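Hi,

Here is the structure I promised to pass on. Have a look first, and my notes follow underneath.

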Amino acid sequence: MKTECIAGTLVLFISLLAYAQQGSGSVCVAARAEDPFWKESATLPNGQINSHGLKVRIDKRPVTAWPERKSLKMEGLDTSQRHLLVVLDSAGEPTESVWFKFSDYGSTELCMAYDGYQGIGLQKATRLTPWCKCH
């Protein structure tokens, strides 16, 4: 009886651990106005933000316009799966893409910035990534 109780408890613990690891993650896309990696000014002379018509997509989710003034949080991503992050130009054509897994970054919250020179910058969202404001 004691052995069965211990075995049952062990199975329950392992099941809970496996369930906890199948979590949900997010990618915070830095707003164009906050992204420090662009080589040119974000603000045009008329005060509008120049995002060059860029768009972003993760996996087969809908394409989203690049955020101009406020970071965009893309949520509900399965942390146990590999994801495809794509930057699209103003015509909707892929410009650059990267495959990623949350486990590669040791976090369920990632920060993404982009410029046409250095490409996609994907890293763990921390206090050291102030341009990602998705808290």
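**What I found**

Let me start with one residue pair: Met112 stands opposite Leu122 in S8. The model is a predicted one, where local features need pLDDT of at least 70, side-chain atom pairs count only at pLDDT 80 or more, and totals for chains, interfaces and linings use all residues. Residues are numbered from 1 along each chain as its sequence is written, and side-chain values use heavy atoms, with hydrogens and water left out.

Back to the strands. S7 (residues 109–115) and S8 (residues 119–124) run antiparallel and are joined by 6 bridges; two strands pair if DSSP finds at least two bridges between them. Strands here are DSSP runs of E with at least two residues, numbered from the N terminus. Between S7 and S8 sits a hairpin connection of 3 residues.

There is also an open sheet of 4 strands, in the order S3-S2-S5-S6, with antiparallel pairing. S3 and S6 (94–101) are at its edges with a single partner strand each, so one side of each has no neighbour in the sheet. Inside that order, S2 (residues 55–58) and S5 (residues 82–88) are antiparallel and share 4 bridges. Lys55 is the residue opposite Leu88 in S5.

**The disulfides**

The structure has 2 disulfides, meaning pairs of cysteine sulfur atoms within 2.5 Å. In one of them, the sulfur atoms of Cys28 and Cys134 are 2.1 Å apart. Cys28 belongs to strand S1 (residues 24–29) and Cys134 to the segment after S8, so this pair ties together parts that are 106 residues apart in sequence. The S-S torsion is about 80 degrees, so the Cys28 and Cys134 disulfide is right-handed. Cys28 is buried at 5% relative accessible area (buried means under 20%, exposed over 50%, partly exposed in between, with a 1.4 Å probe and protein chains only). Cys134 is buried too, at 14%.

Cys111 and Cys132 form a disulfide as well, with their sulfur atoms 2.0 Å apart. Cys111 is in strand S7 and Cys132 in the segment after S8, so the bond ties together parts 21 residues apart in sequence. Both Cys111 and Cys132 are buried. Counting bonded cysteines along the chain, the pattern is 1-4, 2-3.

**Around Ser71**

What does Ser71 touch, leaving aside its neighbours within four places in sequence? The contacts (heavy atoms within 4.5 Å) include Cys28, Cys132 and Cys134, residues you have just met, along with Trp131 and Lys133. Ser71 lies in the loop between S3 (64–65) and S4 (72–78), and at 12% relative accessibility Ser71 is buried. Its side chain reaches the backbone nitrogen of Lys133 at 3.1 Å, and a polar atom of that side chain lies 3.3 Å from the backbone oxygen of Trp131.

**Aromatic rings**

I found 2 aromatic pairs; rings of Phe, Tyr and Trp (its six-membered ring) pair if their centres lie within 6.5 Å, with planes under 30 degrees apart called stacked, over 60 edge-to-face and the rest tilted. Trp66 and Tyr114 have ring centres 6.1 Å apart and planes at 50 degrees, so that pair is tilted. Trp66 is in the loop between S3 and S4 and Tyr114 in strand S7, 48 residues apart. For Phe100 and Phe102, the centres are 5.5 Å apart and the planes at 80 degrees, so the pair is edge-to-face. Phe100 and Phe102 are both buried.

Cheers

Note on methods. Polar contact = N/O pair within 3.5 Å; in protein donor to acceptor, adjacent residues only side chain to side chain.
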